[in-house]
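Please find below a short note on the structure, set out as numbered points. The sequence and coordinates come first, and the comments follow.

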Amino acid sequence: MSLTVHSDGHFMKEAFKQALMARDENEIPVGAVIVANNQIIARAYNQTERLSDPTAHAEMLAVTAATNHLGTKYLTDCTLYVTLEPCGMCAGALYWSQLTKLVYAASDDKRGFTTINPKMVHPKTEVVRGPLQEESSQLVLNFFQKLRDHRKN
């Protein structure tokens, strides 16, 4: 798949690289990047195990990094690319940050915000199911299968 610079596919590929970093550290493999003016201003991946913090989801860490970078609590004119649909906690943070656009790859039928309430993000936030859906979904499925297999042994 050929990706043009500044496309949803290009930025999702960067988020996917973050998800691979999470996987390599035995974290649930979710990665995120936040983009402003076609530039990545924040990169993050799940670090709940490393930090012993249940709120250290990729999206939460990326929001903190992006708001620090911008010097504001709002992410208007920013897009979040994340490899897995945000949970309710993350959707709430995205609501308060007033994110302009959310692009996620794989759906999360168990904990994703659209299962809980699709209106959890800010009403002005454009929500798009983006590229790398299959790859991101498979990455998470493989991670949990490996965990189950490890527990059996």
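1. Cysteine 87 is buried, at a relative accessible area of 15%. The coordinates are those of a predicted model, and every comment in this note should be read accordingly.

2. On the cysteines, the number of disulfides is zero. Cysteine 78 takes part in none, its nearest cysteine sulfur being that of cysteine 90, 17 Å away. Cysteine 87 is likewise in no disulfide: the nearest cysteine sulfur, again that of cysteine 90, is 3.7 Å away, and because a disulfide requires the sulfur atoms to be within 2.5 Å, this pair is not counted. Cysteine 78 also counts as buried, with a relative accessibility of 1%.

3. Helix H1 spans residues 8-24 and contains 17 residues. The distance from its first C-alpha to its last is 24 Å, close to the 24 Å expected at 1.5 Å a residue. Asparagine 26 follows H1 and has a positive phi, near 60°.

4. Which residues of H1 are buried? They are Gly9, Phe11, Met12, Glu14, Ala15, Phe16, Gln18, Ala19 and Ala22. An α-helix has 3.6 residues a turn, so residues three or four places apart point the same way. The buried residues of H1 pack against four strands, S1 (31-36), S2 (39-45), S3 (78-84) and S4 (101-106), and against helix H6.

5. Three aromatic pairs are counted in the model. One of them joins phenylalanine 11 and tyrosine 81 in a tilted arrangement, with 5.4 Å centre to centre and 35° between the planes. Because phenylalanine 11 belongs to helix H1 and tyrosine 81 to strand S3, this pair ties together parts that lie 70 residues apart in sequence. Phenylalanine 11 and tyrosine 81 are both buried.

6. Tyrosine 95 and tryptophan 96 make an edge-to-face aromatic pair, at 5.2 Å centre to centre and 80° between the planes. Tyrosine 95 is partly exposed, with a relative accessible area of 30%, whereas tryptophan 96 is exposed, at 65%.

7. Where does serine 136 lie, and what does its side chain reach? Serine 136 is found in helix H6 (residues 133-152), and its side chain reaches the backbone oxygen of leucine 132 at 2.9 Å. Serine 136 is buried, with a relative accessible area of 2%. Leaving aside residues up to four places away in sequence, serine 136 touches Phe16, Thr83, Ala105 and Ala106. Of these contacts, Phe16 is among the buried residues of H1.

Notes: Residues numbered from 1 in each chain as written. Heavy atoms only, no water. Helix = DSSP H or I, 4+ residues; strand = E, 2+ residues; numbered from the N terminus. Buried < 20%, exposed > 50% of the residue type's maximum accessible area, 1.4 Å probe, protein only. Polar contact = N/O pair within 3.5 Å; in protein donor to acceptor, adjacent residues only side chain to side chain. Contact = heavy atoms within 4.5 Å. Expected span 1.5 Å × (residues − 1). Phe/Tyr/Trp six-rings, centres within 6.5 Å; stacked < 30°, edge-to-face > 60°.
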